[in-house]
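Thank you all for making time this morning. I would like to walk through one model with you, a few residues and elements at a time, and I will try to keep to what can be read from it directly.

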Amino acid sequence: NKQVILKDYVTGFPKESDMQLTTATTKLKLPEGSKGVLVKNLYLSCDPYMRSRMTKREPGASYVDSFNAGSPIVGYGVAKVLESGDPKFKKGDLIWGMTGWEEYSVITATESLFKIQHTDVPLSYYTGILGMPGMTAYVGFYEICNPKKGETVFVSAASGAVGQLVGQFAKLLGCYVVGSAGSKEKVDLLKNKFGFDDAFNYKEEPDLDAALKRYFPEGIDIYFENVGGKMLDAVLQNMRVHGRIAVCGLISQYNLDEPEGCRNLMYLIIKQVRMQGFLVFSYYHLYEKFLEMVLPAIKEGKITYVEDVVEGLESAPAALIGLYAGRNVGKQVVVVSCE
Ligand code: NDP
């Protein structure tokens, strides 16, 4: 059983050498009487929040606990059930949910697993558009932002797993949508593939406030926040009265020892803006409703999805740390096995 283990807890930016590929020689079996499942992992998901699990913390100190140093990394994935002690699953079922960064895993927390019912779409989509990031875009945009046709929407990290969908949801509703991303290739994707009205490379903008004033001369109604830091500060100055901000993520802060300060919070008051954080885990009861909306949209070609796929567990550490340098173009997926 090949595995990617976290060697030790991390401070600052994670490195490939913080993780190690090893081979466990004992054959993995479902323990006698277990209510869990033994699975073969097919696709693994690299997600920004995984950085926080690499920091050593007391159990319960954060919304997710730290990984166990010396054990396989844990994350979302798509897998096939080989043996099941849980009556909800049987051999041959495909599932998505929390699994290990290894070829085979025993999953005991089966309550967090979803059975995959629709297989006429790429299975890897259950790490992205049809999995946790897709739900995040859906919940963050529709439940938190209270969007209306004709409103102006700004999305940061807009070409990523979550952002590319937020922009497309906003366009389907008839909003004016601008995205920011960190390379020309990503900006081109936003404009030409995902149908954003406009997009810019934030790394080439010396003055983010001026850039936002250029794209939103009348101000921003909705900001879908993925990055935090300087971008949030610039956005706050450019919000419209009664604007809304969904605080989805703050990736620019995840590897800093001290968070960067935000000077413009006063604008929340001046502009009477609603800014709300959310955790997708609290909204999984909406998963079926989400599928009803998004599956037909994929099949009818109304929504498209770009993935960045690497092959093999040995590629997983570089893929994960690449998220914090913006190396991924679209949803970062690792293929462990194709069957
Ligand atoms: P992405 O696929 O967007 O990958 C991360 C991207 O973030 C990179 O490609 C890079 O794009 C950008 N980035 C990295 N470092 C920085 C930086 N210092 N400043 C600005 N941008 C940076 O990730 P996801 O779509 O999966 O996640 C997007 C956000 O949503 C994250 O903040 C994540 O933590 C959050 N999230 C929150 C959830 C919730 O429940 N609240 C659930 C899921 C995700 P670029 O080249 O454009 O810089």
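**A walk through the model**

Let me begin with V10, which is buried, having 20 other C-beta atoms within 10 Å. Please keep in mind throughout that what you see is a predicted model. V10 sits in the loop between β1, residues 2-6, and β2, residues 19-23, and, if we set aside residues up to four places away in sequence, V10 touches D18, M54 and T55. If you then look for D93, which is 83 residues from V10 in sequence, you will find the two C-alpha atoms 36 Å apart in space.

Next, the annotation. UniProt, in an unreviewed entry, places the feature "domain: Enoyl reductase (ER)" at residues 37-334. Over residues 37-334 the model has 26% helix and 25% strand, and the C-alpha atoms at the two ends of that stretch are 21 Å apart.

Within that stretch, let me turn to M98, which lies in strand β5, residues 94-100. Is M98 buried or exposed? The answer falls in between, because M98 has 15 other C-beta atoms within 10 Å and is therefore counted as partly exposed. Leaving aside neighbours within four places in sequence, M98 is in contact with V74, Y76, A109 and S112, while F114, 16 residues away from M98 in sequence, is 9.6 Å away in space, C-alpha to C-alpha.

Now to the helices, starting with a pair. Helix α2, residues 132-144, packs with helix α8, residues 287-299, at an angle of about 90°, and their axes are 11 Å apart. That angle is why we can call α2 roughly perpendicular to α8. Which residues make the contact between them? On the α2 side they are G134, M135 and Y138, and on the α8 side they are Y287, F290 and V294. Sorted by class, this contact of α2 with α8 comprises five nonpolar residues and one polar residue, with no charged residues.

In the loop that runs from α2 to β8 you will come to N146, which has a positive phi of about 50° although it is not a glycine. N146 is partly exposed, since 15 other C-beta atoms lie within 10 Å. A second residue of this kind is Q272, again not a glycine, with a positive phi near 50°. Q272 is in the loop between α7, residues 266-270, and β13, residues 274-277, and it counts as exposed because 12 other C-beta atoms lie within 10 Å.

How many of the residues of helix α3 are buried? Helix α3, residues 163-173, is mostly covered, with eight of its eleven residues buried, namely G163, Q164, L165, V166, G167, Q168, F169 and A170. The cover over these buried residues of α3 includes α2, β8 at 152-155, β9 at 176-181, α4 at 184-192 and β11 at 220-225. Just after α3 comes G174, with a positive phi of about 90°.

Since β11 has come up, let me take D221, which lies in that strand. D221 counts as buried, because it has 24 C-beta neighbours inside 10 Å. Not counting residues up to four places away in sequence, D221 touches E151, T152, V153, R240 and G243. K40, by contrast, is 181 residues from D221 along the chain, and their C-alpha atoms are separated by 45 Å.

For those of you interested in the ligand, there are 30 residues around it, and G160, V162, G182, G249 and G326 come nearest. The shell around the ligand divides into 16 nonpolar, eleven polar and three charged residues.

I will finish with V333, which is placed in strand β15, residues 331-335. V333 is buried, having 24 other C-beta atoms within 10 Å. Apart from neighbours within four places in sequence, V333 is in contact with Y43, S45, S124, T127, G128, E307, D308 and V309. C262, which is 71 residues from V333 along the chain, has its C-alpha atom 33 Å from that of V333.

That is the end of the tour, and I am happy to go back to any part of it.

Notes: Residues are numbered from 1 along each chain as its sequence is written. This is a predicted model: local features need pLDDT of at least 70, side-chain atom pairs count only at pLDDT 80 or more; totals for chains, interfaces and linings use all residues. Axes are lines fitted to C-alpha atoms, for helices over the stretch in contact, and angles run from 0 to 180 degrees between N-to-C directions. Helices (H or I, at least four residues) and strands (E, at least two) are DSSP runs, numbered from the N terminus. Angles under 35 degrees count as roughly parallel, over 145 as roughly antiparallel, 65 to 115 as roughly perpendicular and the rest as oblique. Two residues are in contact if their C-beta atoms, placed from the backbone, lie within 7 Å. Ala, Val, Leu, Ile, Met, Phe, Trp, Tyr, Cys and Pro count as nonpolar, Asp, Glu, Lys and Arg as charged, and the others, Gly among them, as polar. A residue is near a molecule or strand if its C-beta atom, placed from the backbone, lies within 6 Å of it. UniProt positions are given in the numbering used here, feature names are shortened, and annotations may be inferred rather than shown by experiment.
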